[in-house]
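Okay everyone, thanks for coming. Let's pull up the model and walk through a few of its helices together.

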Amino acid sequence: MLRVLAPRAARRLLISRAGGLHLLHTRSAEPRSYCIRLGGRRWATSTTPHSTPSDPAEAEAMKCLEQGTQKLEENDLHGAKQLYKRSVEIKRNASSLFNLGVTHYHLKEFDDAIAAWKESIEIQPDSPDTHTNLASAYIISPVSRPDLALHHLHIAVSLAPKDPEIAFNLAAVLEATGQLEEALTYYKHAKEHGVERAAMHIRNVSAKILGKTMARAQAQEEQSEDPKKPES
């Protein structure tokens, strides 16, 4: 679910679930516990249609960014990474750091992806897509940090409350961490705003909540019948 940033219109990694917490597939990602896919062909570009960088260093950095984006579209991850690195070295900006994180992520260099996205957030803290990608990296890393993933997904959903894909991502991680009621709320939000696959997860989570409720009621009934018996 990895989206690549467009300048001032970020894209993101999108999380999906299917029998456990998964990230959506990419052509290049190899399925393991998690996998990821590029959500759309919308990469970071150098400038808006009506802007031209006046700083020579900025212009060179943007040129490298554009060249890196071309390499990324050609699935040349290593070539794209080198050009994004060069762009960052010339002049640090949120878009180059964002796309550098994308290349690190697909090359399974998760610590480097996390570092790039964290720095991108320092420059542009109000990007919901960067927070979403960072959450995905925390989930898929060898030492998974669902607590940090939830932290960044909550920020992302606060920045883009109408984005159903972020809501779906957050619901998936909440479900995986056992926070079923909150997960159900966000799955419903995702479904109401067009994420049809959320319907299956709504049924599954609802069944889990019902099962827990019934088990709790049964345990309380058994406890009332035999006060000496400890509750399970």
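Before we start, one bit of vocabulary: the expected span of a helix is 1.5 Å times one less than its number of residues. And keep in mind that what you're looking at is a predicted model.

So, helix 3, residues 94–106. It has 13 residues, and from its first C-alpha to its last it reaches 19 Å, close to the expected 18 Å. How many of the residues in helix 3 are buried? It's 13 of 13, so to speak a mostly covered helix. Look at the start of helix 3: a side-chain oxygen of Asn 93 gets to within 3.2 Å of the backbone nitrogen of Ser 95. After helix 3 you hit Lys 108, with a positive phi near 65 degrees.

Next, a pair. Helix 4 (residues 110–123) and helix 5 (residues 128–140) have axes that come within 9 Å and cross at roughly 155 degrees. Angles over 145 count as roughly antiparallel, so that's what helix 4 is to helix 5. The crossing is left-handed.

On to helix 8, residues 180–192. This one also has 13 residues, and its end-to-end C-alpha reach is 18 Å, close to the 18 Å expected. Its buried residues include Leu 180, Leu 184, Tyr 186 and Tyr 187. Just after helix 8, Gly 194 has a positive phi of about 110 degrees.

Last stop, the largest nonpolar core, with 49 residues. Which of them touch the most other members? Tyr 105, Trp 117, Leu 170, Tyr 186 and Tyr 187. The largest share of this core, eight residues, comes from helix 7, residues 164–176.

Terms used:
Residues numbered from 1 in each chain as written. Predicted model: local features only at pLDDT ≥ 70, side-chain atom pairs only at ≥ 80, totals over all residues. Heavy atoms only, no water. Core = buried A, V, L, I, M, F, W, Y, C linked by side-chain atoms within 4.5 Å. Buried < 20%, exposed > 50% of the residue type's maximum accessible area, 1.4 Å probe, protein only. Helix = DSSP H or I, 4+ residues; strand = E, 2+ residues; numbered from the N terminus. Polar contact = N/O pair within 3.5 Å; in protein donor to acceptor, adjacent residues only side chain to side chain. Axes fitted to C-alpha atoms, helices over the stretch in contact; angles between N-to-C directions. Parallel < 35°, antiparallel > 145°, perpendicular 65-115°, else oblique. Left-handed = near helix turned anticlockwise from the far one by under 90°.
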